Structures are given as C-alpha cells and as structure tokens.
Amino acid sequence: MLVLNCSTKLLILEKMLKSHFPESLKVYGAVMNINRGNPFQKEVVLDSWPNFKAVITRRQREAERDNLDHYTNAYAVFYKDARAYQQLLEEHDVINWDQVFQIQGLQSDLHDISKAVASSKQLDVKLTSFRAVYASPASVLPHISSLMGSFPRLTYLSVADADLLNRTWSRGGNEQSLRYIANLISCFPSVCIRDDRGRPVSWSITDQFATICHIYTLPEHRRKGYSQLITLTLFRKMLSRGFPSQGNVRDDNSKFISILKKINVEFLPCRFHRLILTPATFSA
C-alpha cells in the first residue's frame with residue numbers, strides 16, 4: 001500500500017486517470033477535488049507508483065469521523081487489474097472495516113470482489129446500480145437561456161437549506177445525512193431556483209466525487225421545466241470549472257432519463273455501482 005501525498009504526483013495521477021474514462025470517473029472526480037483544496041479531507045491509496053494497477057480514494061484517517069456515517073465514509077475505486085484491487089482491499093489499514101461505509105465505482109466486477117473480501121470479515125453488503133451519464137467538454141449542451149421561460153430566480157444553495165434537502169432526499173432523513181448535505185453545500189457547486197420569498201423550490205448539488213446528485217423539485221412546482229433547467233445549469237457549471245460533468249439515474253426513473261436525453265448528455269456503457277457495507281456490530 002502506498003499513500004500518495006505529493007502534490008506533483010497527485011496532478012500526474014489526475015492526468016493518468018483521464019486516459020481511463022469512463023471507468024475512472026469517480027476516482028478522477030475525487031482526485032480533482034483533492035488537487036483543488038481538498039475540502040472533504042480525502043487521500044489516495046495505490047498498490048504502487050507510477051505503474052499502479054489499483055487506486056482507492058478514502059477519507060483521511062485524521063479527519064473527524066462517525067462510524068455510522070456511510071455518506072462521508074466513502075471510497076471511490078478504479079483498477080486496471082481486478083486481482084490488484086482485491087489484494088489492496090486485503091491489505092491492513094487500507095479500509096476501515098469497523099465502520100459503516102460505501103464503495104463507489106464504474107466497473108462491473110466491483111461488487112463481487114468487494115463482497116468476497118467483506119464477507120470474510122462478516123460485513124453485510126448492499127448493492128445499488130444505476131445508469132451513468134457524462135457530458136464531455138465537446139458535448140453539445142443546450143443554452144440555458146432557451147430554458148429560462150419566465151426567468152426564475154436561479155442561484156445556489158446555502159447551509160440553511162440543508163434541512164429541506166435532507167427531508168426530501170430519498171436516502172436522507174437522519175442526523176448523518178443532514179451533516180453530510182450541509183458539508184456538500186459548503187464545499188461544492190450547487191444550483192437552485194428560489195420562489196418570491198427566497199425559499200428553494202428546485203435544486204441539485206454535487207458530491208465528493210464531483211457527481212451531480214439530489215436533483216429535486218417540490219411537488220407543487222413541478223411541470224414547469226425546473227428540473228431540466230437545474231440539471232443543465234449544473235452540468236454547464238461543472239464543465240466551466242474543468243470538472244467531469246457526471247451523474248447517475250435509476251433505471252426506472254423514466255422522467256429524469258427523458259430530461260437527460262433532452263440536454264444531450266451521454267449515457268455510458270458502464271454502470272455506476274454503490275455498495276453500502278455494514279459490520280455485524282451495526283447490523284443488529
């Protein structure tokens with residue numbers, strides 16, 4: 001195991017990962033955030049350097065932690081060799097197996113490899129898989145002005161909005177998710193539409209892997225084109241900052257799939273996989 005701390009090497013790694021799109025997108029987004037101030041206190045672990053075969057991004061060990069917070073306790077994975085990834089998982093002190101955590105990646109055998117190691121340590125593994133989307137700098141995205149309509153108040157979120165997002169997030173509603181959302185709003189780009197009283201009615205945020213997520217419109221404000229405007233605006237904002245413009249969508253979310261097709265993003269051949277791993281201590 002090698003922890004990559006050198007800023008020059010981290011910039012080199014960023015360029016190297018770019019040549020392995022789309023499978024490396026999650027790790028690439030995390031490394032970009034590390035190289036631009038590291039607001040989420042992440043670090044990079046590899047099997048070797050510079051000819052690595054597996055790379056994992058994780059929370060720095062000195063960062064404050066909550067063993068029940070699988071939102072923040074998140075690892076992104078990319079590997080050129082599946083065996084090298086398994087060996088990295090099996091090494092001492094690469095993964096904190098004593099907490100609830102998640103693993104994210106875009107490679108088909110990520111689940112089987114991770115589960116094999118996790119099961120030997122008596123952790124429960126739950127997999128959720130999504131369609132992955134991506135907008136490259138060369139993508140022909142519509143102009144935002146074509147969707148503005150009656151010119152809603154387009155702005156960004158503040159930490160004061162975190163409770164609303166937590167209550168409306170399908171994966172939220174608890175103390176850990178509230179803290180996580182507040183941290184995302186503080187650290188990364190977001191977009192929202194506010195009503196005449198300044199209250200958010202439609203929004204989206206980006207996460208620690210530079211992924212666009214939690215796109216939501218309050219029920220009473222739907223059918224106005226807000227979700228499409230929010231999504232396009234945030235995709236464009238990420239591209240303007242040099243970040244990979246990526247997102248995920250459930251297979252059964254036909255309405256949002258239609259929105260993504262309208263704004264001309266690319267549906268990737270690989271899928272996004274999120275594994276939530278729970279030690280037996282917390283399963284009870």
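**Exercise 1. Which residues of H2 are buried?**

This is a predicted model. Start by finding the helix.

Step 1. H2 covers residues 25–35.
Step 2. List its buried residues: Leu25, Lys26, Val27, Tyr28, Gly29, Ala30, Val31, Met32, Asn33 and Ile34.
Step 3. That is 10 of the 11 residues, so H2 is largely enclosed by the rest of the structure.
Step 4. Look past the end of the helix. Gly37 follows H2 and has a positive phi, near 105 degrees.

**Exercise 2. Describe how H3 and H4 pack.**

Step 1. Locate the pair. H3 spans 82–90, and H4 spans residues 110–120.
Step 2. Take the geometry. The two axes come within 10 Å and cross at roughly 30 degrees.
Step 3. Classify the angle. Angles under 35 degrees count as roughly parallel. H3 and H4 are therefore roughly parallel to each other.
Step 4. Give the hand. The H3–H4 crossing is right-handed.
Step 5. Name the residues that meet. H3 brings Ala82, Tyr85, Gln86, Leu89 and Glu90, while H4 brings Leu110, Ile113, Ser114 and Val117.
Step 6. Sort them. The contact of H3 with H4 has six nonpolar residues, two polar and one charged.

**Exercise 3. Now do it for H7 and H8.**

Step 1. H7 runs over residues 226–240 and H8 over residues 254–262.
Step 2. Their axes lie 10 Å apart, at an angle of about 50 degrees. That makes H7 oblique to H8.
Step 3. The crossing of these two helices, H7 and H8, is right-handed.
Step 4. On the H7 side stand Ser227, Gln228, Thr231 and Phe235; they meet Phe256, Ile259, Leu260 and Lys262 of H8.
Step 5. By type, the residues of the H7–H8 contact are four nonpolar, three polar and one charged.

**Exercise 4. Place Thr217 and find its partners.**

Step 1. Thr217 belongs to strand E10, residues 211–217.
Step 2. Is Thr217 buried or exposed? The cut-off for buried is under 20% relative accessible area. Thr217 has 5%, so it is buried.
Step 3. Leave aside neighbours within four places in sequence. Thr217 is then in contact with Val201, Ser202, Arg222, Tyr226 and Ser227.
Step 4. Pick out the side-chain link. The side chains of Thr217 and Ser202 make a polar contact of 2.8 Å.
Step 5. Check one C-alpha distance. Thr217 and Ile230 are 13 residues apart along the chain, and their C-alpha atoms are separated by 9.4 Å.

**Exercise 5. Work out the setting of Asp93.**

Step 1. Asp93 sits in the loop between H3 and strand E5 (101–105).
Step 2. Asp93 has 37% relative accessibility, so it counts as partly exposed.
Step 3. Not counting residues up to four places away in sequence, Asp93 touches Met1, Arg58 and Arg61.
Step 4. The side chains of Asp93 and Arg61 are joined by a polar contact of 2.8 Å.
Step 5. Met1 is 92 residues from Asp93 along the chain, yet their C-alpha atoms are separated by 8.9 Å.

**Exercise 6. Find some unusual backbone angles.**

Step 1. Recall the usual case. Most residues other than glycine have a negative phi, and most peptide bonds are trans.
Step 2. Look for positive phi. Asp93 is not a glycine, but its phi is about 75 degrees. His214 has a positive phi near 45 degrees.
Step 3. Place the histidine. His214 is in strand E10. With a relative accessible area of 10%, His214 is buried.
Step 4. Look for cis bonds. The peptide bond from Phe21 to Pro22 is cis, with omega near 0 degrees. The bond from Trp49 to Pro50 is cis, also with omega near 0 degrees.
Step 5. Place the prolines. Pro22 is in the loop between H1 (7–18) and H2. Pro50 is in the loop between strands E2 (42–46) and E3 (54–59).

Terms used:
Residues are numbered from 1 along each chain as its sequence is written. This is a predicted model: local features need pLDDT of at least 70, side-chain atom pairs count only at pLDDT 80 or more; totals for chains, interfaces and linings use all residues. Side-chain values use heavy atoms; hydrogens and water are left out. Axes are lines fitted to C-alpha atoms, for helices over the stretch in contact, and angles run from 0 to 180 degrees between N-to-C directions. Helices (H or I, at least four residues) and strands (E, at least two) are DSSP runs, numbered from the N terminus. Angles under 35 degrees count as roughly parallel, over 145 as roughly antiparallel, 65 to 115 as roughly perpendicular and the rest as oblique. A crossing is left-handed if the near helix is turned anticlockwise from the far one by less than a right angle, and right-handed if clockwise. Contact means heavy atoms within 4.5 Å. Ala, Val, Leu, Ile, Met, Phe, Trp, Tyr, Cys and Pro count as nonpolar, Asp, Glu, Lys and Arg as charged, and the others, Gly among them, as polar. Buried means under 20% relative accessible area, exposed over 50%, partly exposed in between (1.4 Å probe, protein chains only). A polar contact is a pair of N or O atoms within 3.5 Å; within protein, one must be able to donate a hydrogen and the other to accept it, and residues adjacent in sequence count only if both atoms are side-chain atoms.
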